[in-house]
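Got your viewer open? Let's take a walk through this one together, one selection at a time.

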Amino acid sequence: MLPTFVWSGEDIDRLEQWWSNRIEQLIAMKQPLAASALFDEFQLEQRSNFTHPD
C-alpha cells in the first residue's frame with residue numbers, strides 16, 4: 001500500500017519551486033527526467049532539512 005501524504009499550501013509551493021529548479025538543472029545537463037525519481041529526491045531532501053521541535 002502506498003503512503004498517504006498530507007500537503008499544506010506551503011509544502012505544495014515549495015515542491016513546485018524545487019521541481020521547476022531541478023528540471024531546469026537536468027535539462028541543462030542533458031540528463032533524463034524521471035518524475036518518480038525526482039519526487040523521491042525531493043522527499044529525501046525535505047527529510048534531511050526537517051528539524052524536530054524540542
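Before we click on anything, here is one cut-off we'll need: a residue is buried when its relative accessible area is under 20%, exposed when over 50%, and partly exposed in between. Try it out on Asp 11: with 22% relative accessibility, Asp 11 counts as partly exposed. Keep in mind that what you have on screen is a predicted model.

**Stop 1: the whole chain**

Switch to a cartoon view. You'll find two helices and zero strands. The chain has 54 residues, and 15% of them count as buried. Now turn on the surface: the accessible area is about 4800 Å², with 58% of that belonging to carbon and sulfur atoms.

**Stop 2: the core**

Select Leu 15, Trp 18, Leu 26, Leu 38 and Phe 42, and show their side chains. These five residues form the largest nonpolar core. Both helix H1 (residues 9–28) and helix H2 (residues 35–49) put at least two residues into this core. Which helix gives the most? That's H1, with three residues.

**Stop 3: along H1**

Next, color H1 on its own and check its length. At 1.5 Å a residue, its 20 residues should span 28 Å, and the end C-alpha atoms sit 29 Å apart, which agrees.

Now pick out the buried residues of H1: Leu 15, Trp 18, Arg 22 and Leu 26. Where do they sit around the axis of H1? Look down the helix: these residues cover an arc of only 75°, which puts them on the same side of H1. Then spin the helix to the face turned away from the buried side. Here you meet the exposed residues Glu 10, Glu 16, Glu 24, Ile 27 and Ala 28.

While you're on this helix, click Ile 23, which is also part of H1. Is Ile 23 buried or partly exposed? With a relative accessible area of 22%, Ile 23 is partly exposed. Draw a distance line from its C-alpha atom to that of Leu 38: you should read 8.5 Å, for two residues that are 15 apart along the chain.

Go just past the end of H1 and select Lys 30. This residue takes a positive phi of about 55°.

**Stop 4: charged partners**

Side chains of opposite charge can pair when their charged atoms come close. How many salt bridges does a search of the whole structure find? The search turns up three.

Start with Glu 10 and Arg 14, whose side chains meet in a salt bridge with an N to O distance of 3.4 Å. Glu 10 and Arg 14 are four residues apart in helix H1, so about one helical turn separates them. Glu 10 counts as exposed, at 57% relative accessibility, while Arg 14 counts as partly exposed at 34%.

Keep Arg 14 selected and add Asp 11. The side chains of Asp 11 and Arg 14 make a salt bridge too, at 2.6 Å from N to O. Both residues lie in H1, three residues apart, which is again about one turn of the helix.

For the remaining pair, select Arg 22 and Glu 41. Their closest N and O atoms are 2.8 Å apart, and the two residues form a salt bridge. Arg 22 belongs to helix H1 and Glu 41 to helix H2, so this pair ties together parts that are 19 residues apart in sequence. Glu 41 counts as partly exposed, with 30% relative accessibility.

Now show Glu 10, Asp 11 and Arg 14 together: salt bridges that share partners join them into one network.

**Stop 5: a last contact**

Finish on Glu 45, which you'll find in helix H2. Glu 45 has a relative accessible area of 30%, so Glu 45 is partly exposed. Which side chain does Glu 45 join through a polar contact? Select Trp 18 to see the partner: the side chains of Glu 45 and Trp 18 are joined by a polar contact of 3.1 Å. You have met Trp 18 before, as one of the residues in the largest nonpolar core.

Terms used
Residues are numbered from 1 along each chain as its sequence is written. This is a predicted model: local features need pLDDT of at least 70, side-chain atom pairs count only at pLDDT 80 or more; totals for chains, interfaces and linings use all residues. Side-chain values use heavy atoms; hydrogens and water are left out. Buried means under 20% relative accessible area, exposed over 50%, partly exposed in between (1.4 Å probe, protein chains only). Accessible areas come from the Shrake-Rupley method with a 1.4 Å probe; for residues, only the protein chains shown count as cover. A nonpolar core is a set of buried Ala, Val, Leu, Ile, Met, Phe, Trp, Tyr and Cys residues joined through side-chain atoms within 4.5 Å. The expected span of a helix is 1.5 Å times one less than its number of residues. The arc is that of the directions from the helix axis to the C-beta atoms. A salt bridge is a side-chain nitrogen of Lys or Arg within 4 Å of a carboxyl oxygen of Asp or Glu. A polar contact is a pair of N or O atoms within 3.5 Å; within protein, one must be able to donate a hydrogen and the other to accept it, and residues adjacent in sequence count only if both atoms are side-chain atoms.
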